[in-house]
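Colleague: I'm new to this one. Could you walk me through how to read it, piece by piece?

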Amino acid sequence: MEFPKENFSEWYQEVLASAEIVDNRYPVKGMLVWRPFGFAIRKHVTGLLRELLDETGHQEVLFPTLIPETSLDKEAEHIKGFGGEVYWVTYGGKSPLDVKLALRPTSETAMYPMFSLWIRSHADLPLKIYQIVSVFRYETKHTRPLIRVREVSTFKEAHCALRTEEEAEEEMKIIDGVYKAFWTELGIPFLRVQRPSWDKFAGADKTIAFDTIMPNGRTLQIATSHRLSQKFSKAFNVVYEDENGEQKYAYLTSHGVSERAIAALIGVHGDNRGLVLPPEFAPVQIVIVPIIFKGKEDIVMKKAKEIYDKLVVNWRVKLDDSDSNPGDKFYYWELRGVPIRIEIGPRDIQNKVLTISRRDNLEKVQIPEDRLLDELNKLAEEIHENIKKRAMQEFKRKIVVAKSLDEIKKSDNKPVVIKAPLCEDWEECGKKVEDQISKEFRGIDLDDKPEGEKCVVCGKPAKYYGVWSNAY
Ligand SMILES: [Zn+2]
């Protein structure tokens, strides 16, 4: 059985179910169950994120799930932005609660009352913490597993308090670096886009988003970084005493990544046989499939076990000794994206070789048994690089750079992302383009600047590339 990827929406649902990533039959709409195989992918992905955040001086914490209404209400823009999608706890047993409690939609308003207690002097800053938790949003749009859900079950949120605007801007750059390293390792290409003011995080004065492009040409926002300046510190009294004994409001930033990371990993790399996973994130990195012939069972199984014992020290390896036939085993592990398969048959044993099959390009090679360990290290590296390269080629194919409004309109109905030059009034001119096409204005590309070009709307010198797409 194959999973045709041309129809991406169907492919995505089928692969999530068949490869046993998540089960969305849970009886609350928009909330789903991570199954063991999916959970293992999640563990390796969040593991990398933790590593990168720890390395850059962020410390992991855990805050309660419930936020009192009195805190959630404190910052006016924030509650305006999130108010409509909050789940409320209003009863404790049979008694109505005095103060309603919100299931956190994000944790700024959970953390800042504590920041206000913890931060006294400039020596307490910077404060840089993060947690990986569930957040809840009563989505009214069509829900999609791992992409648009009512319980975001893997929300990495980092929250930082800094002394000055410059330090806050520096923290934005540090997180940029963390995210770049994270997406690069996952092999997920991205556009780093500054959102227009109407699309910023509720309460932020600047939002930078990372957008990837899914196989159907739609962009998926996979990370965000918000500069909150002093709005929240004023609302929550996050104050420190500076070197001169003066009381000052701290500058705050917040930064999110969700399980969309796993949606992107699956969607971007997968093929008609199912998942394709970079070895670093694969729950099973190597599967050994004994090819049994009548009368040779013992010698094949003995060799398979011997190879397994050798590999299990350094690899996540599985010896498939089930009763299924080899073809079914191949299918099963290909669907689950196992990067390397080792086949062992009687002839291989006789010739002292092993047959190795790569999941990324489906190529088979034979290698001498005594060189196995070296070859596997090399191969894992090659597979990772190839997956990254392929994703990048595909990503570039899906971006059209237009030089005029006409060219933008010509690509409007195609499954691509459109980039075009805009002047310094990019919000205004970007919106004017959006009003004439079906794609949405996402903001400006922060990593690519036009040279000697003109704004496609007003003809003034261009300063940025605007980005328009159909977005999830
Ligand atoms: Zn313009």
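Modeller: Let's start with a sheet, and keep in mind that this is a predicted model. To read a sheet, follow the strand order from one side to the other. Here 5 strands make an open sheet in the order β16-β15-β17-β18-β19, and the pairing is mixed.

Colleague: Which strands stand at the edges?

Modeller: Those are β16 (317–319) and β19 (364–368). Each has a single partner strand, so one side of each is left without a neighbour in the sheet. As for twist, neighbouring strands are turned by 25° against each other on average, direction ignored.

Colleague: Can we zoom in on one pair? In what sense do β17 and β18 pair, and over how many bridges?

Modeller: Strand β17 (residues 340–344) and strand β18 (residues 353–358) are antiparallel partners, joined over 4 bridges. To get your bearings, find R341, which stands opposite S357 in β18.

Colleague: And which helices go with this sheet?

Modeller: Look for α9 (residues 297–311), which packs on the sheet and touches β15 (286–290), β16 and β17. The direction of α9 makes about 170° with that of β15. Then there's α12 (residues 372–397), lying across β17, β18 and β19 and running at about 10° to β18.

Colleague: How do I describe two helices packed on each other?

Modeller: In general, you give the angle between their axes and the distance between the axes. Take α2 (residues 36–55) and α6 (residues 165–186): the angle is about 150°, and the axes are 10 Å apart. Angles over 145 degrees count as roughly antiparallel, and α2 and α6 are therefore roughly antiparallel to each other. The crossing of α2 past α6 is right-handed.

Colleague: Which residues of α2 and α6 meet there?

Modeller: From α2 you have L48, L49, L52 and L53, and they meet V178, A181, F182 and E185 of α6. By class, that contact has 7 nonpolar residues, no polar ones and 1 charged.

Colleague: Now zoom out for me. Where do the domains run?

Modeller: The domain assignment splits the protein chain into domain 1 (8–269), domain 2 (284–381) and domain 3 (399–469). For a pair of domains, check the spacing and then what each side brings. The C-alpha centres of domain 1 and domain 3 are 29 Å apart, and their contact takes 15 residues from domain 1 and 14 residues from domain 3.

Colleague: Which elements give two or more residues to domain 1's side?

Modeller: Those are β9 (191–194) and β10 (206–213). The largest share, 4 residues, comes from β9. That side of domain 1 has 5 nonpolar, 5 polar and 5 charged residues.

Methods. Residues are numbered from 1 along each chain as its sequence is written. This is a predicted model: local features need pLDDT of at least 70, side-chain atom pairs count only at pLDDT 80 or more; totals for chains, interfaces and linings use all residues. Axes are lines fitted to C-alpha atoms, for helices over the stretch in contact, and angles run from 0 to 180 degrees between N-to-C directions. Angles under 35 degrees count as roughly parallel, over 145 as roughly antiparallel, 65 to 115 as roughly perpendicular and the rest as oblique. A crossing is left-handed if the near helix is turned anticlockwise from the far one by less than a right angle, and right-handed if clockwise. Two residues are in contact if their C-beta atoms, placed from the backbone, lie within 7 Å. Ala, Val, Leu, Ile, Met, Phe, Trp, Tyr, Cys and Pro count as nonpolar, Asp, Glu, Lys and Arg as charged, and the others, Gly among them, as polar. Domain bounds come from an automatic or database domain assignment. Two strands pair if DSSP finds at least two bridges between them.
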